[in-house]
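Hello,

Here is the structure for your files. My notes on it follow below.

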Amino acid sequence: MQIGIVGLGRMGANIARRLMRGGQTCVVYDHAPDATQAVVADGATGASDLGDLVQKLAAPRSVWLMLPAGKITEDTLNDLYEILEAGDTVIDGGNSFYKDDIVHAAKLKEKGIHFIDVGTSGGVWGLERGYCMMIGGDRDVVQRHDPILSVLAPGRGDIPATPNREGRDPRVENGYMYVGPVGSGHFVKMVHNGIEYGLMQAYAEGFDILKHKSSTELPEAQRYDLDIADIAEVWRRGSVVSSWLLDLTAGALAGNSTLDKYSSEVADSGEGRWTIEAAIEEAVPVQVLSAALYSRFRSREDNSFADRMLSAMRFGFGGHKEFTPGLK
């Protein structure tokens, strides 16, 4: 199957490469010519702009967008609206907001252009491992793209079958799922990322407790100098907290046990916030997920106004002196 891919960052380029390894044909475009040429060198057909990409695709065309959520995706969809034809399909494989998908699909439908949203998980490892995909759109249109989706998916691998799944969609066990109407794929991926925030924060806090067990603030008999790299490794093997995130953590600690080459400022890419918004709309309590998001906000503040206010109140009611040096 032939497909156009727009956006050749770390994931977009590897999606193209995995598709070509699986026998699919790719026409690729990125605003950075070097990014386009790097994928052309691996067998893709390059395009100089969106119009060139569309001309090089046979009708009915399929164009996969792998772009940051927001304005760049919006602008690209608007441009494609002008040059695609009825029967063509746009696939948004980035992390767009699911409510935006509904708007985008409605606009494209005016010209008879189909829209599929794909929540894509796999990151920089997807080329080798495959991509877990959560897919929204018209069922028939999604089914027509199964040759693409099945190549991108990770496959069953060596994961044991789950009991009592007889009669269910077998594609799920291969790592990709038709979720439902437009927007539902990105909605499920959004919640997936919110859960990811919570899991990551739990690991980070747990290992922080382990690291500080040697603190001089503790009685000497209760201090342990723990090898957290080895703890991460042993937890990978048979522990109920084992996971791919723990695998990555163990690898990071083995190579740099202090993690001093990493910043302590942790970004959030939007899905965590949208997950909390959805929880508010549904009146669902999400204490862990919201705390994990707020922890990321907190990581970006040093000597914050809120902390200074706490010190001011402590001084006011108890005379606790926590002044900035030289500014008493």
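Starting with the strands, strand 2 and strand 3 (residues 45-46) run parallel and are joined by 2 bridges; strands count as paired if DSSP finds at least two bridges between them. Helices (H or I, at least four residues) and strands (E, at least two) are DSSP runs, numbered from the N terminus. This is a predicted model, in which local features need pLDDT of at least 70 and side-chain atom pairs count only at pLDDT 80 or more, while totals for chains, interfaces and linings use all residues. Residues are numbered from 1 along each chain as its sequence is written, and side-chain values use heavy atoms, with hydrogens and water left out.

In that strand pair, Val28 stands opposite Gly46 of strand 3. Strand 2, helix 2 (residues 33-40) and strand 3 form a right-handed β-α-β unit (right-handed: with the strands pointing away from the viewer, the path from the first strand over the helix to the second runs clockwise). Strand 2 is also joined to strand 1, by 5 bridges, and these two run parallel. Here Val6 faces Tyr29 in strand 2. Strand 1, helix 1 and strand 2 make a right-handed β-α-β unit.

Of the 5 residues in strand 2, 4 are buried (under 20% relative accessible area; exposed is over 50%, partly exposed in between; 1.4 Å probe, protein chains only). The largest nonpolar core has 29 residues, and those with the most contacts inside it are Ile5, Leu19, Cys26, Trp64 and Met133 (a core is a set of buried Ala, Val, Leu, Ile, Met, Phe, Trp, Tyr and Cys residues joined through side-chain atoms within 4.5 Å). Helix 1 gives the most to this core, with 5 residues. A second, separate core of 20 residues includes Val54, Val90, Leu108 and Phe115.

There are 6 aromatic pairs in the structure (Phe, Tyr and Trp rings, the last by its six-membered ring, with centres within 6.5 Å; planes under 30 degrees apart are stacked, over 60 edge-to-face, the rest tilted). The Phe97 and Tyr98 pair is edge-to-face because the planes are at 80 degrees, with centres 5.2 Å apart. Both residues, Phe97 and Tyr98, are buried. Ring pairs link Phe97, Tyr98, Phe187 and Trp274 into a cluster.

Finally, Arg129 lies over the face of Trp244, at 4.0 Å from the ring centre (NZ of Lys or CZ of Arg within 6 Å of the ring centre and within 35 degrees of the ring normal). The charged end of Lys111 sits over the ring of Tyr81, 5.4 Å from its centre.

Regards
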